Amino acid sequence: MFELRLNRPSSVQFSGAMASTAKDAQDLFSAMRSAYSKTPTRLKIIDVYVIYGLITALIQVVYMAMVGTFPFNAFLSGVLSCIGTSVLGG
């Protein structure tokens, strides 16, 4: 019969790649954190406002999924106003 052999990387190579990826991700996050620490306070306040608007829209969508969509126009206006203010804030 036929025998199928797969060339699999050894566990040492795989763990080395995982360690390299983890180190790259850690370096990326540390670079982003150091760059964001240099951001002016006014821009950080705008970032918090945008995130707040998006979280509020997400809460409304989750509520609509749990309860239902009876007053759909009210749901639509609430979500679109949250997303719209987030976009305009950005």
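## Exercises on a three-helix model

The protein chain has 3 helices and 0 strands, and the structure is a predicted model. Read from the N terminus on, the elements of the protein chain follow the order α-α-α.

**Exercise 1.** Work out what span helix H2 should have, and compare it with the distance between its end C-alpha atoms.

*Solution.* Begin with the extent of the helix: H2 covers residues 41–67, which is 27 residues. The expected span is 1.5 Å times one less than the number of residues, so for H2 it comes to 39 Å. The end C-alpha atoms of H2 lie 39 Å apart, in agreement with that expectation. Just after H2, Gly68 takes a positive phi of about 135°.

**Exercise 2.** Determine which residues of H2 are buried, and against which helix they pack.

*Solution.* The cut-off for buried is a relative accessible area under 20%. In H2, Val50, Gly53 and Ala57 are buried, and the buried residues of this helix pack against helix H3, residues 72–89. To set this in the context of the whole chain, buried residues account for 10% of the 90 residues in the protein chain. The chain exposes about 8000 Å², of which carbon and sulfur atoms supply 70%.

**Exercise 3.** Classify the geometry of the aromatic pair, and decide whether each of Phe72 and Phe75 is buried or partly exposed.

*Solution.* The structure holds 1 aromatic pair. Phe72 and Phe75 form this pair, with 5.8 Å centre to centre and 45° between the planes. Planes under 30 degrees apart would count as stacked and those over 60 as edge-to-face, so the pair is tilted. Along the sequence, the two residues are 3 apart in helix H3, and they are therefore separated by about one helical turn. Turning to accessibility, Phe72 has a relative accessible area of 39% and is partly exposed, whereas Phe75, at 18%, is buried.

**Exercise 4.** Find the salt bridge, and describe where its two residues sit in helix H1 and how exposed they are.

*Solution.* Side chains of opposite charge can pair when their charged atoms come close. The rule requires a side-chain nitrogen of Lys or Arg within 4 Å of a carboxyl oxygen of Asp or Glu, and by this rule the count comes to 1 salt bridge. The side chains of Asp27 and Lys23 meet in a salt bridge at 3.1 Å, N to O. Because Asp27 and Lys23 are 4 residues apart in helix H1 (residues 11–37), about one helical turn separates them. Asp27 is partly exposed, with a relative accessible area of 37%, and Lys23 is partly exposed as well, with a value of 49%.

Note on methods
Residues are numbered from 1 along each chain as its sequence is written. This is a predicted model: local features need pLDDT of at least 70, side-chain atom pairs count only at pLDDT 80 or more; totals for chains, interfaces and linings use all residues. Side-chain values use heavy atoms; hydrogens and water are left out. Buried means under 20% relative accessible area, exposed over 50%, partly exposed in between (1.4 Å probe, protein chains only). Contact means heavy atoms within 4.5 Å. Rings of Phe, Tyr and Trp (its six-membered ring) pair if their centres lie within 6.5 Å; planes under 30 degrees apart count as stacked, over 60 as edge-to-face and the rest as tilted. Accessible areas come from the Shrake-Rupley method with a 1.4 Å probe; for residues, only the protein chains shown count as cover.
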